[in-house]
Amino acid sequence: MSTTVATASSGRGRRSSPMSWRWGDRLVLVLAWLAGILLCVLAAAIVLYMGYRGIQYLRPDSIFSRPQLSTDQSGTGGFLDPLLGTLLLTAIGVALALPIGVACAVWMTEYGRPGWLARIVESSIEIVAGTPDIVIAIFGLAVFQVSLLAPFSFTSEGGGVYGRSFIAAGAMMSLLALPPLYAASRDGLLAVPGHMREAAFALGKTRITTIRRVLVPNVRSNIATGVTLGISRIIGSTAIVLILLGGFLRFEPQGSAPAIDLLRGTGSSLTSYIYYNSPAGEGAAPQKAYAAAFVLLIFVLALNLIVERIGRAHASSTGLTTTAGVV
Amino acid sequence: MALERLKKPWPDHRAERLLGAVSLSVGVVIIAMIVFVTIRAWPIFQHNGLSWLFDAHPPASLEGEVSRMSAASSSPTAGDYTLSAWPVIYGTLLTTGMAVVLGLVLALLSSIFIVELAPARVTRVVIPVVRLLASVPSVIYGLIGILVLVPYVGNHLVTEQQRKSIQGTAQLTGESLLVTVVILTVMITPIMIALICEALSSVPSSWREGAIALGLNPLRAVRAVTLKAVRPAIVAAAVLATARALGEAVMISMVSGGKFFSPRLGDGVVFFYEPLRTLASTIVDYREGLSSPPLGATIYAVAFLLLFAAFVLSVSGYLVKLPLRKYQTRG
C-alpha cells in the first residue's frame with residue numbers, strides 16, 4: 001500500500017521531485033537557494049567593487065612613497081610606512097604566537113597532566129579567542145603604561161609613559177594569532193596515529209625527542225595553516241593598531257638605537273591608514289583609503305588561497321572548521 | 001654553550017615542565033587582563049555602584065557627562081565620575097540582537113543549502129565564498145559602509161519629511177542602525193554557517209536516509225531529523241556570533257554615527273535611520289580621551305563590561321556544546 005502511495009506521489013524514480021512537495025517545503029527550498037546565491041553575490045560585489053576602486057586609485061607611487069606629513073592626506077604621498085608597519089606587526093605577532101601556540105598544543109595533546117591544569121589552559125585559550133580585539137587593545141595599553149615596562153614603549157619628554165609602540169601592538173597581536181595557531185597545531189597532533197608515537201618509544205626515544213623529531217615535523221603543514229590564519233587575523237585588526245600605535249601615519253622612532261628605536265616607536269598599519277583616510281578619520285582622502293583597502297584585500301585573498309592549498313591535504317568534511325579557517 | 005645544550009636530547013621531565021609553564025602563561029595573561037581592566041574601571045563602580053548600567057538618568061545626560069569628564073582636571077571630583085551608560089548598552093543589545101537573529105536565519109538557510117541541497121559543483125564555489133566573507137577585515141566592511149551604504153541611505157532612503165520629524169533630537173545622515181545591522185549581519189553570518197555546516201555534516205547520513213525511506217521528502221527529513229540533532233550546535237553558533245557582534249568596534253564606529261542616542265521604536269521607520277553608539281565603538285571613539293582620569297575609567301568600565309560579556313558567552317558556549325559530544329568526537 002505504502003509503496004503505491006510513494007510511487008504515485010513522487011512520480012518518477014527514487015527521488016521525489018520538489019513539485020510534489022508541500023508549499024512550506026518548496027518555500028524553504030527556494031529561500032535556501034536564495035541564501036546561497038546571496039552569499040555569492042555579496043562576496044562578488046565586495047571583491048569587484050574594491051577591485052574597481054583599487055584599479056581606479058592605486059598607483060605604483062602610492063606603494064613606494066611615504067604618507068604626507070600634514071593631517072590632510074588628499075595631496076601626494078602613499079602608504080609605504082603603513083605597509084611596512086603591517087609587516088612589522090605581523091612579524092612580531094607571529095614570532096611571539098608561534099612558539100607559545102605550538103607549545104600549548106604539544107603540552108595539551110602529549111602531556112596534559114594534571115587534568116585540571118589542562119582544563120585551565122584550554123579554557124584560557126578559548127577566552128582569549130572570545131575576547132574582542134578592542135578589549136585586548138585597551139588591556140595592552142594598561143599593561144604597557146606600567147612604568148616598569150617603559151623601555152618597551154613611547155615615552156614623553158617629561159617621563160610620561162604612553163604605552164604605545166610596535167612592541168606593545170605586536171604583543172597584543174600575538175594574542176589574536178594564538179587561538180587559530182593553537183587549534184590548528186592541536187588538530188594536527190591529534191590526527192597523528194598513535195602507532196607513530198609507539199614506534200618512536202620502542203626505539204628508545206623519550207617523549208620530548210619524539211615530539212621534536214617525529215610529531216612536530218609531521219604536523220608542519222597544520223602549523224603552517226595556523227600561522228597563515230594568524231597572519232590574516234593580524235593584518236586585519238584595526239582596533240589594536242588604533243589604540244596601541246595611536247594616530248600617527250609615518251614611523252615615529254623612539255630613542256636612538258637602530259632597529260630598536262623603530263620597535264619602541266609608533267607608526268601605522270594598512271588598517272589604521274584606511275581608517276584615518278576614511279570619512280571617519282581626519283585624513284579626508286577616501287581615494288587613498290580605497291587604494292590601501294585594495295592592497296589589504298589582496299593580502300587577505302592570498303592568505304585565503306594559501307590556507308586552501310595547505311588545507312586540501314587534511315580537509316575536514318566541509319572545509320570550514322577551525323583548521324580551514326572561519327572560526 | 002647554550003646552543004650545545006639545546007642540541008643534546010632534553011630531559012623529559014624538564015621539557016614537560018617548560019611546556020606546561022608556557023601553556024600556563026596564557027592563563028596568566030587572562031588573569032592579568034581581568035585584573036588590569038578591573039583596577040582601571042574601579043572608580044566608576046566606586047562612584048556609581050551598579051546603577052550606571054541602568055536607565056536611571058534622563059536619556060540625554062550621557063553626552064553631557066562624557067564631555068564633563070573629558071574637561072575634568074587631573075584631580076577630578078567625585079561628581080566627575082557620574083555616569084549612566086544605558087544608551088550605549090541599549091545600542092549594543094539592539095545591534096547585536098538584530099544582527100544575530102537575521103544572521104541566524106540566513107546561516108540556517110545557507111547551511112542547509114551547502115550541506116543538503118547544493119550540487120557538489122556549487123558547494124565548491126560557496127565554501128570559499130563563506131571563507132572569504134569571514135576573512136574580510138572589519139575596516140574594509142566599515143569603508144564600504146561609510147562610503148557606499150551610508151550615502152545611499154542618507155540620500156535615497158531617508159525622506160525630507162522623516163528628517164524633519166525628529167529634527168532637534170538627531171540628524172539623519174545615513175549613519176544609522178540600518179547600515180550597522182546589515183553589515184554586522186554579513187560579518188557574523190559566515191561564523192555561524194561554518195559551525196552549523198560542520199555539525200550538519202557530522203550527523204550520520206543513515207539518520208536522514210532513514211527518514212527519507214519513511215516517506216519524508218529530503219528537506220523535511222533535514223528539518224525533522226538533522227536540524228533537531230544539531231540544535232546545540234546552532235545555539236553554540238549563535239553564542240559565538242553574539243560574542244563577535246558584541247566586540248565589533250571599528251566597523252560600528254565608522255557607520256553608526258557615533259552619537260549617544262538611543263533609537264526609539266516609537267519613531268516608526270525612522271527608528272532604522274537613527275544613529276547610535278555601542279560599547280565597543282565608544283572605546284574607539286574616545287581612544288584619545290584616556291588621559292583624563294574619569295573618561296579613562298569610563299572607557300575601562302566599558303571594556304570591563306565587554307570582557308564580562310565575552311566571559312559569560314564563553315562559558316555558555318561551552319555548556320551548550322556539551323550534549324554535542326554524544327555523536328561528535330570533539331567539539
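Biologist: Where is P114(A) found?

Modeller: In this predicted model, P114(A) lies in the loop between α4 and α5 (115-130) of chain A. To read a spot like that, look at the peptide bond leading into the proline. Here the bond from R113(A) to P114(A) is cis, with omega near -15°.

Biologist: Let me step back to the whole chain. How many helices and strands does chain A have?

Modeller: Chain A has 14 helices and zero strands, so to speak a run of α-α-α-α-α-α-α-α-α-α-α-α-α-α along the sequence. Chain B also comes to 14 helices and zero strands, and its elements, taken from the N terminus on, read α-α-α-α-α-α-α-α-α-α-α-α-α-α. The C-alpha trace of chain B spans about 70 × 70 × 35 Å along its principal axes.

Biologist: What share of the residues in each chain is buried?

Modeller: Count the neighbours: a residue is called buried when 20 or more other C-beta atoms lie within 10 Å of its own. In chain A, 51% of the 327 residues are buried. For chain B, the figure is 52% of 331 residues.

Biologist: Can we try that on one residue? Why does I223(A) count as buried?

Modeller: I223(A) is buried because 21 other C-beta atoms lie within 10 Å, and the cut-off is 20 or more. You'll find I223(A) in helix α10 of chain A. Beyond its neighbours within four places in sequence, I223(A) is in contact with V102(A), A184(A), S185(A) and G188(A). Take G188(A): it sits 35 residues from I223(A) along the chain, yet their C-alpha atoms are 7.9 Å apart.

Biologist: What part of the contacts joins residues 24 or more positions apart?

Modeller: Among contacts with a separation of 6 or more, residues 24 or more positions apart account for 67% in chain A. In chain B that share is 79%.

Biologist: Now a helix. How do I read its length?

Modeller: Compare its end-to-end reach with what 1.5 Å a residue would give. Helix α5 (residues 120-135) of chain B has 16 residues and reaches 23 Å from its first C-alpha to its last, close to the expected 22 Å.

Biologist: Which residues of α5(B) are buried, and what do they pack against?

Modeller: One general point helps here: an α-helix has 3.6 residues a turn, so residues three or four places apart point the same way. In α5(B), the buried residues include V126(B), V129(B), V130(B) and L133(B). The buried residues of α5(B) pack against α2 (23-57), α10 and α14 of chain A, along with α4 (86-117) and α8 of chain B.

Biologist: And helix α13 of chain A: how many of its residues are buried?

Modeller: Eight of eight, so to say mostly covered, for α13 (residues 270-277) of chain A. Tyr residues among them are Y273(A), Y275(A) and Y276(A). The cover over the buried residues of α13(A) includes α4 (80-111), α10 (220-236), α11 (239-244) and α14 (286-311) of chain A, plus α6 (138-157) and α12 (250-255) of chain B.

Biologist: Which residues have the most contacts inside the largest nonpolar core?

Modeller: That core has 208 residues, and those with the most contacts inside it are I138(A), A293(A), M192(B), I196(B), A237(B), A303(B) and L306(B). Helix α8 (residues 177-202) of chain B gives the most to the core, with 18 residues. Residues up to four places away aside, A293(A) touches M50(A), I274(A), I140(B) and L143(B).

Biologist: How many residues of chain B are in contact with chain A?

Modeller: There are 83 residues of chain B in contact with 75 residues of chain A. On the chain B side, helix α2 (residues 12-48) of chain B gives the most, with 18 residues. That side divides into 62 nonpolar, 14 polar and seven charged residues.

Biologist: Last one: where is confidence in chain A lowest, and where is it highest?

Modeller: Within chain A, helix α1 (residues 2-10) is lowest, at a mean pLDDT of 41, and α4(A) is highest, at 94. Over residues 1-13 of chain A, pLDDT stays under 50. Where pLDDT is low, the predicted coordinates should not be read in detail. Chain A averages a pLDDT of 84, and chain B averages 86. For the complex, the predictor gives an ipTM of 0.89 and a pTM of 0.89.

Definitions and conventions: Residues are numbered from 1 along each chain as its sequence is written. Chains are lettered from A and ligands numbered from 1 in the order in which they are written. This is a predicted model: local features need pLDDT of at least 70, side-chain atom pairs count only at pLDDT 80 or more; totals for chains, interfaces and linings use all residues. Two residues are in contact if their C-beta atoms, placed from the backbone, lie within 7 Å. Helices (H or I, at least four residues) and strands (E, at least two) are DSSP runs, numbered from the N terminus. Ala, Val, Leu, Ile, Met, Phe, Trp, Tyr, Cys and Pro count as nonpolar, Asp, Glu, Lys and Arg as charged, and the others, Gly among them, as polar. pLDDT is the predictor's confidence in each residue, from 0 to 100. A nonpolar core is a set of buried Ala, Val, Leu, Ile, Met, Phe, Trp, Tyr and Cys residues joined through C-beta atoms within 7 Å. A residue is buried if 20 or more other C-beta atoms lie within 10 Å of its own, exposed if 12 or fewer, and partly exposed in between; C-beta atoms are placed from the backbone. The expected span of a helix is 1.5 Å times one less than its number of residues.
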